[in-house]
Amino acid sequence: MGYKVVVAGATGNVGREMLNILAEREFPVDEIAVLASRKSLGTEVSFGDKTLKTQDLDTFDFTGWDMALFAVGSEPTKKYAPKAAAAGCVVIDNSSLYRYDPDVPLVVPEVNADAVLGYSKKNIIANPNCSTAQMVVALKPLHDRAKIKRVVVSTYQSVSGAGKEGMDELWDQTKAVYNPVSEVPPKKFQKQIAFNVIPHIDVFMEDGSTKEEWKMVAETKKIVDPSIKVTATCVRVPVFVGHAESINIETEDFLDEDEARDILREAPGIMVIDKREAGGYATPVECVGDYATFVSRIRQDSTIENGLNLWCVSDNLRKGAALNAVQIAEALGQKVLKKG
């Protein structure tokens, strides 16, 4: 006996990826419903070898459904997630709406899978920000060994993190550079994204950081350890899919780079590609479509007593969003619902 699963926002980048991953991982689905807004009603989406027609999120009855994977953004989530939860359907939410709610667990299964047990306060589990998800997968095994005190991270985030509009803008602007007759002014991004990098993701806050940077700080504390100090600079780069991060770590105890490499090799969800030669590291292009978080360039930071540097790459539509949501669903099934 399997689960009755809902995917809300099934026509978007992340919703489609959720359906792909549910099928790929052979999640035990008895019945599946795909929901979208009225403007996308009737759009067909793929689930394995099946083609499904979207139903109206606004009128859908969640009664009798086991879990709903939400990929619809904060505003629709605010309206529909409590309805689903009240009907007894556990919501796994990809938006930022519930991430900082103390009554809602924020889960990365390789890091804190047992946190799903706290779902029952609101019948909702939150999926973290894409840039946080891949980072904490790399941090947790090192933290368990040497206790991380401080993290300095700079991100190189692909345009798919801004949805289809972001990907279209990079594509159209890139073509326009080679065809100067057409001009594509920035709409989704604040400046031209083609052949450029933009140190601005989400809105600016009073202290000069952006909301994306704040998310990485707050979420790392909630998922891994509230005592970890984190400072982040988040940058949008002209890459279609795959986020990369340069991470500097300061630990309480000394951790040798070779031991760190061995720890990461054994850690769940991580693939270490770290040869000190040309091409001996992972880049976003190679990680697209993969489940793993790739770690490369592991080396001692000689400027501090207990320091390490590493390079971390992951498919943001997968580990940063859809894959993590499906892994949460798997953990919920194994630890709580126990069907399938």
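Two strands count as paired here if DSSP finds at least two bridges between them. I begin with that because the pairing of strands comes up throughout this talk, and I should add straight away that what you see is a predicted model.

With that in hand, let me start at strand β9, residues 148-157. Eight bridges join β9 to strand β11, residues 243-251, and the two strands run antiparallel. If you look for T155, you will find that E245 in β11 stands opposite T155.

Next to T155 in the sequence is Y156, which also belongs to β9. Is Y156 buried, partly exposed or exposed? Its relative accessible area is 34%, and since buried means under 20% and exposed means over 50%, Y156 counts as partly exposed. Leaving aside neighbours within four places in sequence, Y156 is in contact with V235, V237, G242, H243, A244, E245, S246 and W311. By contrast, E330 lies 174 residues further along the chain, and the C-alpha atoms of Y156 and E330 are separated by 29 Å.

Let us now step back to the sheet that holds these strands. It is an open sheet of six strands with mixed pairing, and the order across it is β10-β9-β11-β14-β13-β12. At the edges are β10, residues 229-236, and β12, residues 270-272, each of which pairs on one side only. On average, neighbouring strands of this sheet are turned by 20° against each other, with direction ignored.

Two helices lie across strands of this sheet. Helix α6, residues 211-223, lies across β9, β10 and β11 and runs at about 145° to β10. Helix α7, residues 257-266, lies across β12, β13 and β14, and its angle to β13 is about 170°.

In β14, residues 307-314, we also meet a cysteine, C312, and this raises the matter of disulfides. A disulfide is a covalent bond between the sulfur atoms of two cysteines. How many disulfides does a search of the whole structure find? The search finds zero. For C312 we can see why: the closest cysteine sulfur is that of C287, at 9.4 Å, which is too far for a bond, given that the sulfur atoms of a disulfide must be within 2.5 Å. C312 counts as buried, at 0% relative accessibility, and C89 is likewise buried, with a relative accessible area of 0%.

Just before C89 in the sequence is G88, which follows helix α2 and has a positive phi, near 95°. Helix α2 itself deserves a slower look. It has 13 residues, 74-86, and at 1.5 Å a residue they should span 18 Å; the end C-alpha atoms are 18 Å apart, which agrees. Even so, a kink of about 35° lies at Y80, shortly before the proline P82. Y80 is also one of the buried residues of α2, together with T77, A81, A84 and A85. What covers the buried residues of this helix includes the strands β6 (67-70), β7 (90-93) and β8 (124-126).

Moving towards the start of the chain, we come to a hairpin. Strands β3 and β4 form this hairpin with two residues between them, and G48 in the turn has a positive phi of about 60°. The two strands pair in the antiparallel sense over four bridges, and the bridge partner of V45 is L52 in β4. Which way do the side chains of β3 point? In a regular strand the side chains alternate between the two faces of the sheet. Along β3, V45 and F47 point to one face and are buried, whereas E44 and S46 point to the other and are not.

The loop between β2 and β3 holds S40. With a relative accessible area of 14%, S40 is buried, and, not counting residues up to four places away in sequence, S40 touches T11 and T54.

I will finish with two residues that have a positive phi without being glycines. E26 has a phi of about 50° and lies in the loop between α1 and β2. N123 has a phi near 65° and lies in the loop between α3 and β8. Which of the two is buried, and which is exposed? E26 is exposed, with a relative accessible area of 68%, whereas N123 is buried, with a relative accessible area of 14%.

Methods
Residues numbered from 1 in each chain as written. Predicted model: local features only at pLDDT ≥ 70, side-chain atom pairs only at ≥ 80, totals over all residues. Heavy atoms only, no water. Expected span 1.5 Å × (residues − 1). Bend = angle between axes of the 7 residues up to and from the residue. Buried < 20%, exposed > 50% of the residue type's maximum accessible area, 1.4 Å probe, protein only. Contact = heavy atoms within 4.5 Å. Axes fitted to C-alpha atoms, helices over the stretch in contact; angles between N-to-C directions.
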